Amino acid sequence: MATVKKSKKKIIVPICIVLVIAIIAGVVFGVSKANSGKEVSLYTIATDDIYESVSLTGEVSAGSVKEYKVATVATVKEVFVKVGDKVKKGDVLASFEIDSLDSQIKSLRSSYNEAQSSYNSSLKAQKAAKKKADALKSEIKATEKEIDRLKNKKPTTTKKTTKKKVTTTTKLPAEDEYPSFDIDDDDITIPDTKPTLPTAPSQSTTQANVGSIAEALAELNKNLSQITNDLNTLAKMTEVITDAITKAMASGIFDSNVIADRVAAAVSQAIKDGVIDVANLLVESDIAVKMIHSAVSAIDFNAIANTVVNSNNVSLTAAELQLAAQQAQYTIYSAQADGTITSAQKKSADAAKQALDILEQQKKEMQDGWIASFDGTITAVDVSAGTQTTAISTGITLENLDAMAVTVSLSEYDLHKVKVGMPVKVTTAYGSYDGEVSSIAPTATGGSKGSILDSVGSMAGISGLSSLTGSGAGVSCTVTIPKTDENIVAGFDADVEIETGEYLGVVAVPIESIKLEKTGSFVYVYNEEEKTVTKTKIETGAVSDSAYEIKSGLKVGDKIISAPESTYEEDTFKVKVIEK
């Protein structure tokens, strides 16, 4: 039988034709597919029930905890319990010797009475100072008005009249008019106050001297702090000194030593009369008087007298001097009237009262012994018979382990959702328990505000992400579990789901259908006529673990991409709907 050989050329040609046909078919199919758009599945908007909740993790603890501590030193007479004992409400846990507390209470009560008395005196002084400050304010306005009048008045050219005014103003009292006061020159330093008389002082020089005397009087008040640190005594001392200086200046006395003598005599008399309490002085009374004498004599009153003698307008200078004295007094009385002294005395009295109340409460609790406030278990005992308590001792701790609690931390995004009384589901490794939100702290603690984790988590329907990292601030929330068993143990963690609301029959969208971006929440709405989808912004409301409530942007019957991709480059594009 003969063999027939086929031509290779004849075989290659049909193969090439087949390949060309395949390529053309592929291109046609590809173009057809591209023209039909991206393949997507759709979800039709409908109503649904949304059960909103906040999911967190917290630590289990006893439902009620009472720590018995002693804020003072006391002797323990007997201890009736040990760790692990179960006690009933009203049981005596420990007894004490309390005789030593009576002397402590007596001392504290005396301190409180003194502080309260000082506060009452300070309050009266504040009211009196305000009254004097108001009066001085009116006097200052009147003096300023008089100064303006004198400045605008034409100067008097009669030499005789001017001389008479100078003589009257600078006249010093007779020697027997000075108060008797003995100062030992060896004990104090009196500065050289001999003035250098100017030939013709200008009005600016007069004003400078008047201003300096006002500053000197105000500075004197600050220097008195070296003599006493009691605010009320300082106020009394300042009042006595300022009054003595003002009276001397008003009567035409400008000699620094003479004024210092008068001030020292006034202070000495005030101490003798009990106006200034020597118990509040940092130095002996005679030393205090000498220190005041030295401070006053250092003020250059002679410079003022020199200005008065050489001034062409003695009345104007006298008025300006009077204004300086009034302003110095006003500064002092205003400081007393602003409440600084009274506020300090009030705080002192309140602190003394608080200490007294605490100790009296301790005595009341200890005279009958420590009594169990509720049924529970003793979990700590840090006292023993015959020993003394300390402020840092734990004492005895009583816990109610039959009713447990879980403490969780609410982020700023969950806080507004959770309210006291809301039902809670608590889950441990061994079971689930019904609970209730019992308390929410008034302020946030720990971490940083505005955690980005909580922001992202809230959009995704996940609560408390920041608590997992410890970077977010949180508000402490306590959940109580009234019915427990041995499977829930204090100190272990538990999952908490707080039911924050029911939203029945609302327009809803599955979580996976929403695209979350920095600028908001979006879905891709399907246009059946155009066979396209368009990126559309929506407003969401309540959220469950599977769906969002839609506030705006969608209505029942709308169709959206059920699970949009994150790589879409256009806001509107063609799609091909496929059925799942």
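Which element gives the largest share of the negative patch? The tour below begins with that question.

The model is predicted, so local features need pLDDT of at least 70 and side-chain atom pairs count only at pLDDT 80 or more, whereas totals for chains, interfaces and linings use all residues. Residues are numbered from 1 along each chain as its sequence is written, and side-chain values use heavy atoms, with hydrogens and water left out.

**First stop: the negative patch**

Select Asp-48, Asp-49, Glu-497, Glu-499, Glu-502 and Asp-545, which gather on the surface in a patch of negative charge. A patch is made of residues with over 30% relative accessible area and no salt bridge, with like charges joined within 9 Å and nonpolar side chains (Val, Leu, Ile, Met, Phe, Trp, Tyr) within 5 Å. A salt bridge is a side-chain nitrogen of Lys or Arg within 4 Å of a carboxyl oxygen of Asp or Glu. Asp and Glu count as negative.

Next, colour strand E3 (46-68) and strand E13 (493-510), the elements that give two or more residues to the negative patch. Strands are DSSP runs of at least two residues, numbered from the N terminus. The largest share, 3 residues, comes from E13. Asp-49 belongs to strand E3, and its relative accessibility of 37% makes it partly exposed. Here buried means under 20% relative accessible area, exposed means over 50%, and partly exposed lies in between (1.4 Å probe, protein chains only).

**Second stop: strands E14, E15 and E16**

Select residues 520-527, which make up strand E15. Because 6 of its 8 residues are buried, E15 is largely enclosed by the rest of the structure. Now add strand E14 (residues 515-517), which pairs with E15 in the antiparallel sense over 3 bridges; strands pair if DSSP finds at least two bridges between them. A hairpin of 2 residues joins E14 to E15, and Glu-517 stands opposite Gly-520 in E15.

On adding strand E16 (residues 532-543), one finds antiparallel pairing with E15 over 7 bridges. Val-523 has Thr-536 in E16 as its bridge partner. The hairpin of E15 and E16 has 4 residues between the strands. Select Lys-531 in this loop. Its phi is near 60 degrees, a positive value in a residue other than glycine. Most residues other than glycine have a negative phi. Lys-531 is partly exposed, with a relative accessible area of 40%.

**Third stop: the sheet E4-E6-E7**

Which strands form the open sheet, and in what order? There are 3 strands, in the order E4-E6-E7, with antiparallel pairing. Strand E4 (75-79) and strand E7 (370-371) stand at the edges with a single partner strand each, so one side of each has no neighbour in the sheet. Strand E6 (residues 92-97) pairs with E7 over 2 bridges, and Ala-94 has Trp-370 in E7 as its bridge partner.

Then select Phe-80, Val-92 and Ile-371, a nonpolar patch on the surface with about 230 Å² of accessible area together. Accessible areas come from the Shrake-Rupley method with a 1.4 Å probe; for residues, only the protein chains shown count as cover. Phe-80 sits in the loop between E4 and strand E5 (86-87) and is partly exposed, with a relative accessible area of 42%.

**Last stop: Lys-86**

Finish by selecting Lys-86 in strand E5. Lys-86 is exposed, at 67% relative accessible area. Add Glu-399: the C-alpha atoms of these two residues are separated by 9.5 Å, although they are 313 residues apart along the chain.

Conventions
The place of a charge is taken as NZ of Lys, CZ of Arg, CG of Asp or CD of Glu.
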